[in-house]
Amino acid sequence: MVGQTLGGRYQILEELGSSGQTYLAQDGHRPEQSWVVIRRWQPRSPKGEEPSAARQRFEQAMALWERLGSHECISRLLTYFEQEGDFYWVEEWIEGQTLEQALRQATEQGQPWTEAEVRAFLQDVLQTLALLHSEGVNCCNLEPSRLICRRADGRWVVLGLGCCNSGPEAADSDLEALGLIAIQVLSGIPPHKLFRDPLTGELRWHDLAPTSAPFAAFLDCLVGCDPRQRFASAAAALAALQALPLAEGVSPGAEILPDPVAAAPLQEPTTPPRSSVSLRARFWIPPLWAGSSLAALLVLLGVAAWQLAANLSLWGEKAIVPRDSVPPAGTRANLGSAGLKSFSSPEQPPNPSRTGSLSSSSPALNLADWAKSLRLKATLEGPAAITALAISPDGDLLVAGGDDGVIRFWDPQAGQLLQSWVGHEGSIETLAISPDGTFLVSGGADKTVRVWDLVTLGDGVPRLQLQGHTELINSVAISPDGRWIASGSADRTIRLWQAEDGQLVRTIDSAAHPVTQGSGITAVAFAPSGVAEKRSPPWILVAANGDPTVHLWDPGSGALLKTLEADYPIEQVLLSPDGRHLLAASASGVWIWNVGTGSLERTLAQPLSGLATLALSPDGRLLASGTDHRAQQIKLWDLGSGKELRTLGGQTWMVSALLFGPNGQTLLSGGADGAIRIWGPEHPASEGDSALRNRAR
């Protein structure tokens, strides 16, 4: 094409870009004027479409461009014509560097863009897309060659508006393409080379680009697989971008008092930067994004509340165990009771009266007073993201599973790491300790269930290795009498094993039941014998199947007994101590059913913040819920009244695991940042105080 003349006046000087359809030309009628750009239009015509129909669509596109082309960030249409059956348009030449050229330069120099540069870029492009989408038009093929930084003022301009199409898919395709471009300029890696989680389809890119947590979550809302996670429009995305705090403007170490606004959806990303990506099969669907100026206002108010809480310095003592402070391996026999004072922060000397013990007797506390007095007592730091927690019945042994495949044993009283066991290949997805505290069951991404002896902590070799699942293990449970183990897998099966010898008792295939449409078993639990009817064995098995339902199974026959329906896929299930109530965590909150009748008794909503994990106190009166990467909070609920008692901040990533100590006074949380946090009342009650309270009642 170089050297040819089009339209009787435009001489082609050179080819632009890599598409082979765009050219730099000189206007022969106005040689004194600057250059122009000519693009060939190649419509995606339906099979058998007449040339006249294609011509009509071309003229309609040009008419739309003439109407919208006055926008300062849209290139101006000069003219258009048809030649030898091909359609061309002529647009103004804009002096500057295209994004395609800028990316090539950044790659050659090894200098990806900064977050500030990407935000400025997105600001310009989203303003233009908001205008186009308001007219029902999308760019159809938004790519780096169609974006140019105008040298005159540094603004980003969209080129080739004639490529646009009209239709309801305007926002979705353009916003996803823009998000992929933003990730590429941040990381220097083309979208087709980014890793996608094979189970969820989500991009795993957070470790590749140094960005603030709110901005990373913003980009996730542009490129997420689930349409309910994405922004509803370019205007909504623009409002959220403008509401984002500066990277240094958020203080994650502050406590947040109860405030529904604080649960904004733009906080921490899902992939912790300190450890390798875990292939988790848990079905996570966030709630709908508000996508409006009101949502932007909520984000601003939430950040303001966060910063105010930081300035008030609400924390009590904050204890940390350094990663390199690891004592020699120990056994159950040498577990000490030195108390949390043995690893308090040097900035704040420990107060022995405020440390407490995980194994002290459980006082009859007023829930509201207990929640109000709760403080962060200690932090145990490890090298990998925490994926599961379990604690022995006496409270002397804390077990943590990591996404590095290592099981770590802690003395929670002394803050000492006792042993680290390596066995699983891939992340530890779930842990359970037998009711008598004699053995541990673990399940992981390597599709195996392992049984470990806890009597002496041994040499770190599993007593049993149970195989048969074809996908990773999401959940394990031990029957109340310690004789059976249930494992739920992403392969949509539940397997029941004998705990003593590992013999497979039964496999329940949820895919064989037409009422179960989930993508895999996400949670399993045994109901205590008092709930079940007279049968052998004397329990029922509760399971979530990766869909908005919970299923009750007869483990003896494998029959489906009952189906309970929710709104979002269920992540976790818990049973009350008496076995009468079932609690299930979904993206919208907590659902509470009566197990015997199957009736829904209550829901605890958590707006704008998806749930990540649940824990129930030993007496069944208090519920703790951990939120995902967007809020990194712990919420405390009075189950009797359904009232939210307290919101705990201070997490630096999502809360991935929660459990109460056996006495009910202590709460332990595990995070994707690798830390285990121990929470307790500021002034723990003594046994005498407990007795006085009991007598007063």
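Leu6 stands opposite Tyr10 in strand 2, and that pair is a good place to start a tour of this predicted model. Leu6 lies in a sheet of six strands, and from there we can move on to helix 3, which packs with helix 6 and with helix 5.

**The sheet as a whole**

- The six strands form an open sheet in the order 1-2-3-4-6-5, with antiparallel pairing.
- At the edges are strand 1 (5–6) and strand 5 (77–83), each of which pairs on one side only.
- As background, strands of a sheet pair through backbone hydrogen bonds, either parallel or antiparallel.

**Following the strands from one edge**

- Strand 1 and strand 2 (residues 10–16) are joined by two bridges in the antiparallel sense.
- Strand 2 then runs antiparallel to strand 3, with six bridges between them.
- In that pairing, Ile12 has Ala25 of strand 3 opposite.
- Strand 3 continues the pattern with strand 4 (residues 36–41), pairing in the antiparallel sense over four bridges.
- Here Leu24 stands opposite Val37 in strand 4.

**A closer look at strand 3**

- Is strand 3 (residues 22–27) mostly covered or mostly open? It is mostly covered, as six of its six residues are buried.
- In a regular strand the side chains alternate between the two faces of the sheet.
- Thr22, Leu24 and Gln26 point one way from strand 3, while Tyr23, Ala25 and Asp27 point the other way, and all are buried.

**Helix 3 with helix 6**

- Helix 3 (residues 115–134) packs against helix 6 (residues 234–243) at an angle of about 150°, and their axes are 8 Å apart.
- Angles over 145 degrees count as roughly antiparallel, so helix 3 is roughly antiparallel to helix 6.
- The crossing of helix 3 past helix 6 is left-handed.
- Residues of helix 3 in this contact include Leu122, Leu126 and His133, and those of helix 6 include Ala234, Leu238 and Gln242.
- Sorted by class, the contact has nine nonpolar, four polar and one charged residues.

**Helix 3 with helix 5**

- Helix 3 also packs with helix 5 (residues 213–223), at an angle of about 40° and with the axes 12 Å apart.
- That angle makes helix 3 oblique to helix 5.
- Helix 3 passes helix 5 in a left-handed crossing.
- On the helix 3 side, Glu115, Val118, Arg119, Leu122 and Leu126 take part, meeting Phe215, Phe218 and Leu219 in helix 5.
- By class, this contact has six nonpolar, no polar and two charged residues.

How values were computed: Residues numbered from 1 in each chain as written. Predicted model: local features only at pLDDT ≥ 70, side-chain atom pairs only at ≥ 80, totals over all residues. Heavy atoms only, no water. Axes fitted to C-alpha atoms, helices over the stretch in contact; angles between N-to-C directions. Parallel < 35°, antiparallel > 145°, perpendicular 65-115°, else oblique. Left-handed = near helix turned anticlockwise from the far one by under 90°. Contact = heavy atoms within 4.5 Å. Nonpolar A, V, L, I, M, F, W, Y, C, P; charged D, E, K, R; others polar. Pairing = 2+ DSSP bridges. Buried < 20%, exposed > 50% of the residue type's maximum accessible area, 1.4 Å probe, protein only.
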